[in-house]
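Student: I am new to this structure. Could you take me on a close look at the open sheet and what packs on it?

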Amino acid sequence: MQLAFEHKVPLTPFNTLGLEAFADDFIDIVSVAQLIRLIKGGELAERRIVVLGGGSNVVLNPHVEGVVLRVAIPGRELIGEDDEAWYVRAGAGEAWHDFVRWTLENGWPGLENLSLIPGTVGAAPIQNIGAYGLEMADRFFALEAVDLKSGAVITFDREACRFGYRDSVFKHEAADRFVISSVTFRLPKTWNPMLAYADVAQELERAQVTDPTPIDVSDAVVLIRSRKLPDPGLLGNAGSFFKNPVVSAERFATLAQHYPNLPHYPQADGSVKVSAGWLIDQAGWKGRDLGPVGMYERQALILVNRGGATGEDVLLLADTVRAAVRDRFGVMLEQEPVLI
């Protein structure tokens, strides 16, 4: 059975930046079996393949050549438990925040600090999403992915994924080779709230919560993110546009001499992560626009689409901001969203 592609499809609804773009061919992937049929039927052979999830971490070119596979595989289930943890699996097309809240409502804590991050479950390992002291890798157990060349379903454990700061093997040699179909998380039965970030602790204190539950922590994170970050449905954005740069201890010591208020986070290897948002603000770009795009007035790390922008507009602003930070601080910023 031949599976029908849609042709010349507008992609504005499928990227949270709301960029104007279109795809040559487009199809929703709703099951592993459907994807395998496409591969083995030869319909993807010799074609450029672009994989989209929730479109929350991409910058689209105005014309996306080839075939866009939008992963919409559903499913959420508890697949097992042992004395120490519950093992919960989700289809790659599940909305990340909805999945997080579902785990909490079922009494399986551990992902609450990652509440309200946009995107899908399948995209989470690619970026190794993180917030408020937690990375997805800290709760990851395994994933399944379909090999776009053979149609084989491959299991990746934590080691095989090679997680790093906003990084994984799927941004390197496994990029464009696999489509993640499901992800399994290991959620600890012994739970302690992660309140190292002052914002979360202060939000709970403001709510007069002294003995927080996982849902309390999630609610606090949702309130914090809602205040800082624009709703993509109202103002196009891709969340944090730049990574927080990591510098050597020596480089940080030099920066701290000149900028003692620079927010920083020491790393286990002796390096220091510094705040990209602070750097952008001090370089004069918080709340400033360039054409139809700009850096958000409430959080300098967020690049927003004021309306009608293309990927070219985004890249021009990103390059301009990067140059301003480099010239002021001697620090290079690296963007998080992937250019397609």
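Tutor: Happy to! Two strands pair if DSSP finds at least two bridges between them. Helices (H or I, at least four residues) and strands (E, at least two) are DSSP runs, numbered from the N terminus. Residues are numbered from 1 along each chain as its sequence is written. This is a predicted model, where local features need pLDDT of at least 70, side-chain atom pairs count only at pLDDT 80 or more, and totals for chains, interfaces and linings use all residues, while side-chain values use heavy atoms, with hydrogens and water left out.

Now to the sheet. Its 4 strands follow the order 1-2-5-3, and the pairing is mixed in this open sheet. Strand 1 (6–10) and strand 3 (49–52) stand at the edges with a single partner strand each, so one side of each has no neighbour in the sheet. From one strand to the next, the twist averages 45°; axes are lines fitted to C-alpha atoms, for helices over the stretch in contact, and angles run from 0 to 180 degrees between N-to-C directions.

Look next at strand 3 and strand 5 (residues 63–71): they run parallel and are joined by 4 bridges. Ile 49 has Val 67 in strand 5 as its bridge partner. Helix 1 (residues 32–40) packs on this sheet, touching strand 2 (22–29) and strand 5, where contact means heavy atoms within 4.5 Å. The direction of helix 1 makes about 130° with that of strand 2.
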